[in-house]
Amino acid sequence: MQSGYLQEKRQPPNRKIVYNSQCPFCSVQCKMQLIERKHGQETSYDVVGIENPTSKGRLCVKGLNAHQHAFHPDRLTQPLAKVNGKWLPISWDEALKQIAENVQAIQQEDGHDAMAVYGSASITNEEAYLLGKFARVALKTRHIDYNGRLCMSAAASAATTAFGIDRGLTNSLEDVLFAECLMLVGTNLAECQPTLMPYIEQAKKNGAFLIVVDPRETATAQLADLHIKLKPGTDAALANGLLKCILEGGYEDAAFIQKRVEGFAEVKAHIAKLKLENIAEQTGVSGDVITKAAETFAKARTGMIFTARGVEQQTNGSMAVRNFLNVLIATGKLGKHSCGFAAVTGQSNGQGAREHGQKADQLPGYRSIENEEHRAHIAAIWGISPEQLPRKGVSAFEMMKKADKGEITGMFLMCSNPVVSHPQADFVKNALKKLKFLVAVDLFVSETAQLADLILPSTSYLEDEGTMTNVEGRVTLREASMPPYGEARHDWQIICNIAAVLGKGTDFSYSCAEDIFTELRMASKGGIADYYGITYERLRKEKGIFWPCPSLEHPGTPLLFTDCFYRPNKKALMTVVPNDAPVPKEKPSRDYPLYLTTGRVLAHYLTGVQTRNSASLMARNFESFVEMHPETAKKHGIADRTLIKLTTKQGSMIVRCHFTETIREDTVFVPFHWSGKQNVNRIITGNLDPDCRMPAFKVSAVRAEPLVVHEQMEGVLGT
Ligand SMILES: Nc1nc2c(c(=O)[nH]1)N[C@H]1C(S)=C(S)[C@@H](COP(=O)(O)OP(=O)(O)OC[C@H]3O[C@@H](n4cnc5c(=O)[nH]c(N)nc54)[C@H](O)[C@@H]3O)O[C@H]1N2
Ligand SMILES: Nc1nc2c(c(=O)[nH]1)N[C@H]1C(S)=C(S)[C@@H](COP(=O)(O)OP(=O)(O)OC[C@H]3O[C@@H](n4cnc5c(=O)[nH]c(N)nc54)[C@H](O)[C@@H]3O)O[C@H]1N2
Ligand code: SF4
Ligand SMILES: [Mo]
């Protein structure tokens with residue numbers, strides 16, 4: 001097996017080792033080199049980017065400092081067991097024995113489905129695939145879901161319905177450079193995928209018109225030619241406004257619609273009944289601005305629409321995305337270069353980890369667990385009968401509800417921190433506490449691992465080998481560059497070890513990640529996400545391959561839909577989308593007069609377990625904050641940089657106020673990277689999108705109050 005590191009000089013005391021790796025954080029998967037220098041007893045590190053087709057050698061501040069958490073002294077090196085409330089190191093053999101005993105006892109007493117598996121989109125394709133197989137074959141449970149449910153599920157459900165395939169980008173990023181109009185909806189690329197920003201900047205230099213839809217003037221929105229600063233949660237209505245202007249102006253692509261589209265007449269009839277004034281009122285965006293955006297996008301010869309969590313993490317996230325797809329379909333901007341859709345993937349393997357069976361209703365290759373043909377194909381690969389395959393389970397947050405009710409009594413959790421990332425965080429914490437047995441696999445004692453009975457130490461991005469599918473749908477190979485840290489084991493090894501003590505060793509006898517990939521290729525063969533033609537050897541040679549790639553000779557598919565869509569009739573489907581959500585959204589009221597929205601900052605990553613363990617990143621933002629417009633603050637008697645209380649129907653939190661004129665006056669914004677009292681998810685309700693079960697992280701109604709009325713506030717308050 002080829003090794004990812006080159007050793008230049010071996011002799012102490014001065015030596016330099018170069019490790020080739022890939023950033024563990026976001027979906028761009030920037031390739032990087034970690035350069036270790038030893039000067040006597042001292043070790044220092046430098047990080048530089050490596051040329052690659054996606055990030056072109058660029059890195060952001062998180063990638064530059066990723067090694068700091070990987071080498072942090074708090075990193076777990078041994079399995080830990082909770083004994084009388086204290087963590088004690090134990091051997092792997094002992095840990096595995098405890099797991100076998102507890103799992104067997106739970107399944108005997110409470111049934112197979114009482115054991116649940118919670119996975120992640122920050123693990124490799126091999127591990128995501130294996131976790132799905134582990135749940136169904138070793139544990140024989142229907143309950144497996146993962147953190148991507150909180151992330152990509154709305155975009156996935158929308159694209160699957162409209163196109164019959166869910167690949168984040170329908171084209172390669174090179175296509176962005178020559179698009180004449182780009183519409184970015186609820187995506188803050190500048191902070192969340194910073195190394196992609198040069199694509200947008202270059203497109204602008206090439207003449208592109210940039211539209212950004214966001215209630216805040218983010219670093220991304222600052223580049224826009226037109227910033228649509230809408231009221232949070234009103235994207236579906238905005239897209240109806242765009243469609244209305246397009247259809248009334250006659251800007252649709254009639255030939256494309258005639259040949260390649262289903263459902264246009266129904267959407268047209270629905271749009272005719274809507275009034276632009278009502279949409280303007282609902283969204284807080286003037287009719288002129290909606291018209292300008294619609295005309296510019298429709299008249300451009302090429303154009304792309306990007307969506308991310310701003311539009312998706314809503315009780316109608318899936319429908320809102322479908323309405324932006326309606327705009328793309330109606331204007332015929334699909335299947336051609338510089339035309340297409342980009343649901344910007346979040347986590348490192350946010351794309352691949354949603355294709356191979358970690359979702360409650362899914363089997364590898366994007367197959368359905370409720371489809372008899374699909375079940376037969378996967379059962380044959382796994383050497384079981386289709387009847388032995390469990391049926392579908394419930395989504396991530398619904399698993400927590402089942403834990404609360406005592407229907408799920410054991411959980412195996414890998415690479416996620418739901419106590420911080422789920423809505424109703426206090427409820428989730430209590431639900432997990434009720435479990436008879438919780439195993440967490442992590443790099444650190446995260447807030448969730450803290451509740452476990454056992455914590456298993458896993459290897460980091462520097463140590464673990466496997467494939468990741470990046471934001472473009474390009475499968476890449478991340479080689480291991482270092483041996484495991486302490487006694488940490490790879491996530492795939494841990495899954496195999498547990499399967500073995502449960503008596504399923506022969507079904508999980510892989511000696512390396514590549515062995516698992518070989519099986520994944522077979523399992524995905526003929527499915528929508530077909531990886532059959534991709535091998536480690538090709539990935540090394542070709543620097544990444546776009547799926548679908550059905551044969552070894554196939555070059556991969558950077559541009560989708562040139563000839564047909566992936567639905568049975570090969571056409572794209574337009575859907576009638578109401579302005580309002582099926583589950584009413586929280587709206588400001590007398591008691592809760594503002595919108596609360598949540599999201600990210602540049603220097604921190606998700607629940608912060610990794611980035612809060614990096615001194616350089618912590619130095620940038622060491623505590624949480626709430627962004628508020630100074631005019632709003634004045635009305636509520638709040639001073640800049642003071643601690644304030646935010647209260648929703650769900651609960652209260654205390655957080656420091658940062659004034660900014662870049663946010664709407666009726667909206668406040670809190671990032672979700674902090675835990676405990678600073679965890680904003682303690683005040684977010686558990687409303688879900690009925691289509692895809694995405695929590696509504698982006699819209700709550702909130703009240704903001706000063707904690708203390710400071711003397712210096714008297715002037716502001718006018719007293
Ligand atoms: N620095 C950093 N980068 C990351 C991550 C991270 O934690 N930190 N996480 C990664 C992951 S997993 C993900 S999923 C992605 C997320 O990437 P994004 O989705 O781009 O990030 P968010 O900050 O969650 O939300 C994007 C924007 O949506 C806006 N927004 C809020 N409400 C609405 C609304 O109702 N409508 C519209 N149109 N916009 C709204 C917010 O103001 C915000 O600027 O980032 C990835 N990259
Ligand atoms: N309010 C609010 N909440 C949100 C969102 C929001 O915008 N607003 N966004 C949602 C989104 S998009 C997402 S993706 C979720 C993410 O939510 P989570 O998945 O809960 O967040 P992470 O911080 O990625 O948790 C990963 C854990 O795994 C550990 N880890 C890292 N690498 C490895 C590895 O290789 N192996 C193992 N075994 N462990 C590892 C880390 O130390 C960390 O404890 O949060 C969601 N929650
Ligand atoms: S966080 Fe994303 S953009 Fe930044 S270096 Fe890592 S992969 Fe690249
Ligand atoms: Mo995400």
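**Exercise 1. Determine which residues R600 touches, leaving aside residues up to four places away in sequence.**

Solution. Contact is taken as heavy atoms within 4.5 Å. With residues up to four places away in sequence left out, R600 touches E191, C192, R309, L606, F669, F672, H673 and K698. The next step is to place R600 in the fold: it lies in the loop between β24 and α21 (615-620). Helices (H or I, at least four residues) and strands (E, at least two) are DSSP runs, numbered from the N terminus. Finally, R600 may be set against H112: the two are 488 residues apart in sequence and 38 Å apart in space, C-alpha to C-alpha.

The model is predicted: local features need pLDDT of at least 70, side-chain atom pairs count only at pLDDT 80 or more, and totals for chains, interfaces and linings use all residues. Residues are numbered from 1 along each chain as its sequence is written, chains are lettered from A and ligands numbered from 1 in the order in which they are written, and side-chain values use heavy atoms, with hydrogens and water left out.

**Exercise 2. Describe the surroundings of ligand 1.**

Solution. A residue is near a molecule if one of its heavy atoms lies within 4 Å of it. Around ligand 1 there are 35 residues, of which D214, G233, D235, R600 and H604 come nearest.

By class, this shell holds 13 nonpolar, 14 polar and 8 charged residues. Here Ala, Val, Leu, Ile, Met, Phe, Trp, Tyr, Cys and Pro count as nonpolar, Asp, Glu, Lys and Arg as charged, and the others, Gly among them, as polar.

As to elements, α5 (189-192), α12 (309-312) and β24 (594-599) each give at least two residues to the shell. As to domains, whose bounds come from an automatic or database domain assignment, domain 3 (153-344) and domain 4 (594-718) each provide at least three.

Polar contacts (pairs of N or O atoms within 3.5 Å; within protein, one must be able to donate a hydrogen and the other to accept it, and residues adjacent in sequence count only if both atoms are side-chain atoms) are considered next. The side chain of R216 has an N or O atom 2.8 Å from an oxygen atom of ligand 1. For T597, a side-chain N or O atom is 3.1 Å from a nitrogen atom of the ligand, while a backbone N or O atom of G186 is 3.4 Å from a nitrogen atom of ligand 1. On its own, ligand 1 has 920 Å² of accessible area, and the protein covers 100% of this. Such areas come from the Shrake-Rupley method with a 1.4 Å probe; for residues, only the protein chains shown count as cover.

**Exercise 3. Establish which domains give residues to the shell around ligand 2, and describe that shell.**

Solution. The shell consists of 29 residues, and N147, S421, D442, T607 and N681 are the closest. It divides into 12 nonpolar, 13 polar and 4 charged residues. Both α16 (418-421) and β18 (437-442) supply at least two residues each. Because domain 2 (80-144 + 349-527) and domain 4 (594-718) both give residues to this shell, ligand 2 lies between them.

Three polar side-chain atoms complete the picture. That of D491 is 2.8 Å from a nitrogen atom of ligand 2, that of T598 is 2.9 Å from a nitrogen atom, and that of S416 is 3.0 Å from an oxygen atom. The protein covers 97% of the 920 Å² of accessible area that ligand 2 has on its own.

**Exercise 4. State how domain 1 is placed relative to domain 3.**

Solution. Domain 1 comprises residues 2-70 and domain 3 residues 153-344. Their C-alpha centres lie 37 Å apart. In their contact, 12 residues of domain 1 meet 10 residues of domain 3.

**Exercise 5. Locate the cis peptide bond and the positive phi of N84.**

Solution. Most residues other than glycine have a negative phi, and most peptide bonds are trans. W547 and P548 are joined by a cis peptide bond, with omega about -5°; P548 lies in the loop between β22 (545-546) and β23 (572-573). N84, which is not a glycine, has a positive phi of about 50° and lies in the loop between β5 (80-83) and β6 (86-89).
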